Amino acid sequence: MEKNRAHPGRPWQLLEDQAVAHAWRDLVETARATVRDGLVVGTSGNVSVRVTPDRPAVATEDLVLITPTGVPYDRLGPEDTVAVTLDGRQVLGTLKPTTELPLHLAVYRTGTARAVVHTHAPHATAVSTLVDTLPPVHYMAAALGGPVRTAPYALYGSQELADHLLEALRDRTACLLRNHGTVTTGDTLTEALDRTAQLEWMCRVWLLARSVPGHTPSLLDAGQLAAAAEQLRGYGQPGG
């Protein structure tokens, strides 16, 4: 029964590849975390990860594992794995990939990111309707590459949106999508998800600060952000 759900154009061994199996497990857990943390509602948002299969006999190129469209994350299992090549050709799974596939592929084709998390986080989405750049109210903006830009609005799932995204993400690991949500990237799914949470927190802080009548939030300048970025490079435990 399970074999009927494998993509007919590829060997079933794809799911037996440990790198692919582990990456799908981590992807599903990350997607579930976006719901649990209030970053998405229902089946909104999507998650992907770039993976190099363990065995060349299974696949000779990197694959992108990605959440399918319209399926609640708590229902996803190993048999629901969806994988595409970097040119968008589906090689595993009968479920359709998310409609935001062009957005995810644009990131992988043009940079070094290995994971992408897209959400409709409420505070960040609210900020996306107000400003072209999230004002630097906190030094953790430096951890995202600098002040977070807002990509102009475009229809979801469109190549136009993907193009706007790439410009907003230039030299950054996070951006807002106008009237839409957030996108963060990382070397791992954990890193991309952590950046989503950080961005949502900063958006909430800015909204709270600007809501106080008669007061304007103080902002950090470029020099202060650069100093914070340098300090953050040595943050954490050695080798961590």
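Visitor: What makes the pairing of helix α2 and α4 oblique?

Guide: The axes of helix α2 (residues 101-110) and α4 come within 8 Å and cross at roughly 40 degrees. Angles under 35 degrees count as roughly parallel, and 65 to 115 as roughly perpendicular. The crossing fits neither class, so α2 and α4 are oblique to each other. Their crossing is right-handed. Keep in mind that this is a predicted model.

Visitor: Why is Leu155 called exposed?

Guide: Exposed means over 50% relative accessible area. Leu155 has 54% relative accessibility, so it counts as exposed. Leu155 lies in the loop between β6 (150-151) and α4 (159-168). With Tyr153 and Tyr156, Leu155 forms a nonpolar surface patch of about 370 Å² of accessible area together.

Visitor: What makes Asp132 and Arg178 a salt bridge?

Guide: The cut-off is a side-chain nitrogen within 4 Å of a carboxyl oxygen. Here the closest N and O atoms are 2.4 Å apart, so the pair qualifies. The two residues are 46 residues apart along the chain.

Visitor: Are these two partners buried or exposed?

Guide: Asp132 is exposed, at 53%. Arg178 has 19% relative accessibility, under the 20% limit, so Arg178 counts as buried.

Visitor: Why is Asp26 called partly exposed?

Guide: Asp26 has 34% relative accessibility. That falls between 20% and 50%, so Asp26 counts as partly exposed. Asp26 also meets Arg25 in a salt bridge, at 3.3 Å from N to O.

Visitor: How many salt bridges does the whole structure have?

Guide: A search finds nine. One of them joins Asp62 and Arg50, with the closest N and O atoms 2.9 Å apart. Both of these residues are buried.

Methods
Residues numbered from 1 in each chain as written. Predicted model: local features only at pLDDT ≥ 70, side-chain atom pairs only at ≥ 80, totals over all residues. Heavy atoms only, no water. Patch = residues over 30% accessible without salt bridge, like charges linked within 9 Å, V, L, I, M, F, W, Y side chains within 5 Å. Areas by Shrake-Rupley, 256 points an atom, 1.4 Å probe, with all protein chains shown as cover. Helix = DSSP H or I, 4+ residues; strand = E, 2+ residues; numbered from the N terminus. Buried < 20%, exposed > 50% of the residue type's maximum accessible area, 1.4 Å probe, protein only. Axes fitted to C-alpha atoms, helices over the stretch in contact; angles between N-to-C directions. Parallel < 35°, antiparallel > 145°, perpendicular 65-115°, else oblique. Left-handed = near helix turned anticlockwise from the far one by under 90°.
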